[in-house]
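Please find below some notes on the model. They are set out as numbered points, each on one topic.

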Amino acid sequence: MPLDRLQVTGLRNIAQADLTPSAGINLICGANGSGKTSLLEALHLLGLGRSFRARHVKSLIHFDADSLTVFGRIAGSPPQRIGIQRRRDSSSVELRLDGERVERISRLAEQLPLQLIDSHTFELIEGSPRARREYLDWGVFHVDHDFLALWKRMRRALKHRNALLRYGTIDRISMAAWNQELGRAAEQMDSLRKQYIEQLVPLFAETLARLADLPDVTLQYTRGWDRQRPLEEVLEAGINTDRQMGFTQQGPQRADIRIRVGKRLAAEVLSRGQQKVVVSALKLAQGQLLERLTDRHCLYLIDDLAAELDSRHRQRFCEVLEEQQGQSFITAIERNDVQHGFSQEFAVFELRGGCLDGA
């Protein structure tokens, strides 16, 4: 379900903004520094409880405000209210769902699946495996209700095993127990990840083919340890090396998606514009898969769509995005940079110095 109301108070240079967005495409236009990306940041906070531009939420509070608040209403029968607040004099973020305080960010994420396409999205190609692992786990989390509990179980086992590795003398009985627990959780997690990737790959290939002529781009999932051996056996065999390093070197925490062009890594081959096409295809394909498997839709946050894309590739992107059933918020300096790519009606909001006007 889309948001039919968004209120932002005290976030960066946005003292107060209140808008009624379209259920489809929403263009956020304005000059540099007008608050366009800050509005996307507010939406990101609403769905994930964190910023994509700053490490600490407290740093987002308007210089002249005591707190920041983001409120959204999700259309439905009945509508659902979702909100987040961070006070300057508090050490924590307050989350609310239908007026009740909630403790887990995952509750917000379940209600508002977000896909972000911005300058940091290039990390899916250029960055460390962590970015690609987070991308993969986002997808599995939203299509399999057992994944979060399994992920927590894996992290707990990994934490305890790493603590044992750092002790002067290893308790072999405890180590064997945590090896077994980590191994069992890892096998289940690997199965879910592998199944998800198998469903994602054909959608990614179809989406990429519509966006650009890059036929040799492939995705390859690697689980983080020897494919021929159970993890428990790998952990036992590598215990001395792990002890020297002070952490577990193999396991699901090392999983990755290798993005290649032919036999070479995509980061070594693709131009900046081609990379943006590929990461856009990854995000859009993931949104399509969510729709197919759950009948739920993504909220797309797209910062500066025109950057690195020529008019032809922007047109193709807009055509694919329109076919998605999700709601989109797209920033642009000038509406002409984007609006000609869409055939359907859309809402336009102009930002000037942190103040929002509907048009």
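1. Strands β4 (residues 67-74) and β5 (residues 80-87) pair in the antiparallel sense, over eight bridges. In this predicted model, S67 stands opposite R87 of β5. The two strands form a hairpin, with five residues between β4 and β5.

2. On to the next pairing of β5. Strand β6 (residues 93-97) runs antiparallel to β5 and is joined to β5 by five bridges. One pair can be checked directly: G83 has R96 in β6 as its bridge partner. β5 and β6 also form a hairpin, again with five residues between them.

3. A further sheet is open and has three strands in the order β9-β10-β11, with antiparallel pairing. Its edge strands, β9 (217-222) and β11 (264-265), each pair on one side only. Between β10 (residues 256-261) and β11 there are two bridges, and V261 stands opposite R264 in β11.

4. Two helices pack on this three-stranded sheet. Helix α4 (residues 129-143) touches β9 and β10, and its direction makes about 105° with that of β10. Helix α6 (residues 172-211) likewise touches β9 and β10, and its direction makes about 175° with that of β9.

5. Helix α6 also meets helix α5 (residues 147-165): their axes come within 9 Å and cross at roughly 150°. The crossing of α5 and α6 is left-handed. Residues making the contact include F147, W151, R156 and L165 of α5, and M175, W178, E181 and L192 of α6. By class, the residues of the contact of α5 with α6 divide into 14 nonpolar, four polar and five charged.

6. Does the length of α5 agree with its residue count, or disagree? At 1.5 Å a residue, its 19 residues should span 27 Å, and the end C-alpha atoms are 27 Å apart, so the two agree. The buried residues of α5 are F147, L148, L150, M154, A157, L158, R161, N162, L164 and L165. Among the elements that cover them are α2, α4, α6, α7 (231-237) and α8 (239-245).

7. The same length check applies to helix α10 (residues 272-294). Its 23 residues should span 33 Å at 1.5 Å a residue, and the end C-alpha atoms are 33 Å apart, which agrees. Helix α10 is mostly covered, with 17 of its 23 residues buried. D295 follows α10 and has a positive phi, near 60°.

8. Is H142, in helix α4, buried or exposed? Its relative accessible area is 6%, and the cut-off for buried is under 20%, so H142 is buried. Leaving out residues up to four places away in sequence, H142 touches A109, E110, P113, L290, T294 and R296.

9. R107 lies in helix α2 (residues 105-111). Its relative accessibility is 30%, between the 20% and 50% cut-offs, and therefore R107 counts as partly exposed. Apart from neighbours within four places in sequence, R107 is in contact with L97 and V102. R107 and L97 are 10 residues apart in sequence, with their C-alpha atoms 8.3 Å apart in space.

Technical notes
Residues numbered from 1 in each chain as written. Predicted model: local features only at pLDDT ≥ 70, side-chain atom pairs only at ≥ 80, totals over all residues. Heavy atoms only, no water. Pairing = 2+ DSSP bridges. Helix = DSSP H or I, 4+ residues; strand = E, 2+ residues; numbered from the N terminus. Contact = heavy atoms within 4.5 Å. Axes fitted to C-alpha atoms, helices over the stretch in contact; angles between N-to-C directions. Expected span 1.5 Å × (residues − 1). Buried < 20%, exposed > 50% of the residue type's maximum accessible area, 1.4 Å probe, protein only. Left-handed = near helix turned anticlockwise from the far one by under 90°. Nonpolar A, V, L, I, M, F, W, Y, C, P; charged D, E, K, R; others polar.
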